[in-house]
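Work through the following exercises with the sequence and the coordinates open side by side. Each task is followed by a solution that goes step by step.

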Amino acid sequence: MSGILNSSIGRKFAMALSALFLMIFLVMHVSINFTSVFSEELFNEMSHFMGTNPLVQGLMQPILIIGVIFHFVMGIILEAKNKSSRSIKYASNTASDNSTWVSRNMLLTGVVVLAFLGLHMYDFWVHEMTVKYVEGDMSGLIDPNNAESGFRYYEELREKFVSPVRVGIYVVAFVLLALHLLHGFNSAFQSIGANNKYVRSLNGFSKVYSIGIPALFIFIAVYHHFTH
Amino acid sequence: MMNLTLKIWRQKDANDKGKIVDYPISNISPDMSFLEMLDVLNQELIEKGEQPVAFDHDCREGICGTCSLYINGRAHGPETKITACQLHMRSFKDGDTIYIEPWRAKAFPVIKDLIVDRTSFDRIQQAGGFISVNTSGNTQDANAIPIEKENADKAFDAATCIGCGACVASCKNSSAMLFVSAKVSQFALLPQGQVEATDRVLNMVKQMDDEGFGNCTNTGACEVECPKGISLENIARMNREYLVASFKG
């Protein structure tokens with residue numbers, strides 16, 4: 001088993017495991033976000049739970065951050081190796097005849113999603129960390145000295161989606177995420193060695209997932225923009 | 001009859017920089033094979049006192065895997081499930097410009113013109129693409145070992161790989177996963193292949209990595225361009241075999 005991460009297949013396996021983990025995370029994330037569309041109270045309570053639960057904050061959050069960084073860094077390592085495997089390009093190459101654009105441009109779509117993550121972290125995560133762990137306010141209240149003021153999460157979410165520029169960036173980023181997932185979902189299963197009639201039956205589901213999850217994120221951003 | 005413009009990669013030897021050279025060619029019959037068209041060109045070049053274009057070929061019936069031409073941006077040309085030697089000029093139109101290039105991969109260095117060195121495939125095979133048979137006289141008749149029909153068929157399908165390298169040439173990463181997975185699968189699916197299964201997959205993948213082939217990103221280009229239609233299922237099977245072998249140690 002030693003040195004598995006030094007092999008091409010081992011690296012792809014690790015890449016796929018981190019991808020599957022992140023795909024499960026996306027379902028959880030969009031589920032919580034979607035509650036903001038129909039219940040301010042439920043969204044606030046779930047956000048407060050996720051933001052203050054020691055297991056989520058102390059274990060799940062670091063694992064998630066490591067997962068994202070690992071997925072990105074491994075993607076770059078694999079791409080660098082792939083680029084070096086062909087030093088002279090073809091004068092004529094019609095790759096579109098044998099493969100999809102999304103499958104050939106995972107780095108491009110991935111980098112755009114990563115750039116968006118930077119904005120996303122700045123928007124929400126940095127702010128949350130500052131309030132909770134720098135300022136020491138774990139109350140989650142709009143006014144920490146007034147228990148009647150209510151939780152701040154919903155209002156902060158609404159505030160972020162006032163700007164049409166930010167909503168536009170969200171839409172573009174999630175369209176790119178959908179393209180990334182359209183190849184990544186099936187590719188992850190192939191990389192862990194799962195390509196049989198059962199996995200192939202997931203083909204339809206993979207398209208629903210890959211388009212549906214980003215579409216929900218887009219819907220949430222657009223909904224709050226137009227109902228603010 | 002067709003008149004064509006050929007844009008062919010010319011490279012004197014492994015150290016030469018190489019370049020695309022234009023060759024107009026006339027009176028090409030649509031019934032000619034692609035390699036016969038190159039034979040005509042070479043005859044003309046020889047008659048003019050020029051160096052003929054070097055290209056690999058042997059059986060000219062799609063079974064040896066020797067011919068290896070990247071034609072108009074695709075391995076073995078515009079048709080599917082055939083080798084370059086099975087391609088005919090009726091696949092082109094009068095007045096066409098045709099690019100003819102060698103396989104491009106760090107692990108397939110150009111020797112001359114359109115001929116590349118594919119001995120990296122040989123070394124991968126030598127690392128484990130075989131079954132060691134004790135020929136002491138006690139060898140069991142292979143036909144006496146029952147094998148499920150489905151496995152026998154899949155093993156046979158994998159064994160039809162002719163090792164031409166179109167998978168590597170087509171892959172944007174120059175990955176050899178389809179070739180290696182076919183060679184692993186043809187044994188992994190049979191009881192005779194089980195004894196050396198762990199060492200086989202570990203050694204062949206290590207050799208593949210050492211040769212400088214890229215990583216598989218599952219674009220599926222290799223499967224589309226493979227003249228024998230080797231399935232991506234083989235890559236998934238090799239991934240399983242490799243992961244299980246790695247955890248076993």
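**Exercise 1.** Leaving aside its neighbours within four places in sequence, which residues is B:F179 in contact with?

*Solution.* The model is a predicted one, in which local features need pLDDT of at least 70 and side-chain atom pairs count only at pLDDT 80 or more, while totals for chains, interfaces and linings use all residues. Residues are numbered from 1 along each chain as its sequence is written, and chains are lettered from A and ligands numbered from 1 in the order in which they are written.

Take contact to mean that the C-beta atoms of two residues, placed from the backbone, lie within 7 Å. With the neighbours within four places set aside, B:F179 is in contact with B:F121, B:C161, B:G163, B:C167 and B:V168.

**Exercise 2.** Place the largest nonpolar core and identify what contributes to it.

*Solution.* A nonpolar core is a set of buried Ala, Val, Leu, Ile, Met, Phe, Trp, Tyr and Cys residues joined through C-beta atoms within 7 Å, where buried means that 20 or more other C-beta atoms lie within 10 Å of the residue's own, again with C-beta atoms placed from the backbone. The largest such core has 80 residues, and B:F179 is among those with the most contacts inside it, as are B:C167 and B:V168. Helix α5 of chain B (residues 177-188) gives the most to this core, with eight residues; helices here are DSSP runs of H or I with at least four residues, and strands are runs of E with at least two, numbered from the N terminus. At least three residues come from each of domain 1 (2-111) and domain 2 (119-132 + 146-248) of chain B, the bounds being those of an automatic or database domain assignment.

**Exercise 3.** Describe how the two domains of chain B meet.

*Solution.* The C-alpha centres of the two domains lie 28 Å apart. Across the boundary, 19 residues of domain 1 of chain B are in contact with 17 residues of domain 2 of chain B.

**Exercise 4.** Which elements give two or more residues to the side of chain B that touches chain A?

*Solution.* The contact between the chains takes 39 residues from chain B and 37 residues from chain A. On the chain B side, the elements are β5 (97-101), α6 (197-211), α7 (221-225) and α8 (233-248), and α8(B) supplies the largest share, nine residues.

**Exercise 5.** Which residues of α3(A) are buried, and what do they pack against?

*Solution.* In α3(A), A:H71, A:G75, A:L78 and A:N82 are buried. An α-helix has 3.6 residues a turn, so residues three or four places apart point the same way. The buried residues of α3(A) pack against α1 (8-38) and α5 (106-134) of chain A.

Technical notes: Buried ≥ 20, exposed ≤ 12 C-beta atoms within 10 Å, placed from the backbone.
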